[in-house]
Amino acid sequence: MKATKKISFNIAIAASFCIVYTIFAIKPLGTEYQFTPEWKIDVTNPSLSKPLEGEPLLPFKLGQTLGYFTPEGKVTTFVTFPQKASISRNYYTCYGNNNRETEYFNADGTSAGKIKVTGFPMIDDSHIFTFLPGGSSIVSCGHDGKRHWEYGGAVPITAFDSSENAIVLGFADGNICEFSHDGTLLQRFAPGGSDNPVILGAAVSKNGAYIATVSGQNRQRFVLAKKEGAQTKITAHEFLNSKEPFQKLVKFSADDSTVYYATENELGIADVETGKKSHLKINGNALSIQESGKTVFLLSKKGSVYTVYIIEKFATLIGSFSFQADSAFILTDGKKLYIGKDSTISCVSISKK
């Protein structure tokens, strides 16, 4: 019996390595990438491990579960939630539709405080925000959960992003507002160019100098804008073939050199400095972008099929692989890629030759 189990285990490991090799060796490059599977865990019935002091913890959210795990594959926090939740590398919270006060927690599961604002919390890295009922106002909360500042409007907020130095809001009437983290309004402008100018996606660079948007219907438009003194200058734009009136992924790279923007079955890529653009065909809607050095990973979804694309900067497609799932995520940490699928998380190490 033990020999049979050992043979089955060895066959499974060998098959995994063959699959990974086949996936990632689709396109030969001058620099050869190696993707090596390290471990796979099931988070539905985990044996929880207490995190060591200073040990890095990575967040996951799959279906109606969330928690944290270590780079070695130990689950340290596991929570089920009935309605909604928000999680980052620092905090997490679970909430419903009628919450007046919401408790939030540190990554190690200890209570961090209570968000003392009625609404729908969103945790973005170490920043805490609450969207007020009605959808047109937002509150920035301090680390104590108390109201820091508030923007109250009459037009629904349709896009949001925050970076180290700025926050950007997009609205249904086509306007964009940028704020500092102390609540100061830095700029307001409208990308325009469409019959229905609704902002479908927005991103702000780390330094707050650039804002990128996807907006409108008839025709949808990508815009890259730069703040120059009291003026906002559009430095690059493009009319898109996409017609879907859904939220679109827009994201700057970690070094602010590139901006990624989703269109219908396509990923747009623009160089921030030159405005040069490129496009990659994808299957479905772009959900998430993660980086590991100069390698970019994109997760898209069409129906129940998720696809992970591996892109080398600027816009060279290395390969892709697909799988079926009810929920999924990707996350990078250093030279490791984590792939969440329903109840499992897999770790793949990334190296070059």
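**Exercise 1.** In which sense do β13 and strand β14 pair, and over how many bridges?

*Solution.* Keep in mind that we're working with a predicted model. Start with the location: β13 covers residues 157–162, and β14 covers residues 167–171. Next, the pairing: the two strands run in the antiparallel sense, with five bridges. For a concrete contact, take Phe160, whose bridge partner in β14 is Leu169. Then the connection: a hairpin of four residues leads from β13 to β14. Last, the surroundings: five of the six residues of β13 are buried, so the strand is mostly covered.

**Exercise 2.** Work out which strands stand at the edges of the open sheet formed by four strands.

*Solution.* Write down the order, which is β17-β18-β19-β20, with antiparallel pairing. Now look at the ends: β17 (196–204) and β20 (231–239) each have a single partner strand, so each has one side without a neighbour in the sheet. As for the turn, neighbouring strands sit at 25 degrees to each other on average, ignoring direction. Zoom in on one pair: strand β19 (residues 221–228) and β20 are joined by eight bridges and run antiparallel. Within that pair, Ala225 has Ile234 of β20 as its bridge partner.

**Exercise 3.** Find out why Cys94 makes no disulfide with Cys141.

*Solution.* The cut-off is a sulfur pair within 2.5 Å. The cysteine sulfur closest to that of Cys94 belongs to Cys141, and it's 17 Å away, so that's too far for a bond. The disulfide count is zero. On accessibility, Cys94 is partly exposed at 29% relative accessible area, while Cys347, at 1%, is buried.

Terms used
Residues are numbered from 1 along each chain as its sequence is written. This is a predicted model: local features need pLDDT of at least 70, side-chain atom pairs count only at pLDDT 80 or more; totals for chains, interfaces and linings use all residues. Side-chain values use heavy atoms; hydrogens and water are left out. Buried means under 20% relative accessible area, exposed over 50%, partly exposed in between (1.4 Å probe, protein chains only). Two strands pair if DSSP finds at least two bridges between them. Axes are lines fitted to C-alpha atoms, for helices over the stretch in contact, and angles run from 0 to 180 degrees between N-to-C directions.
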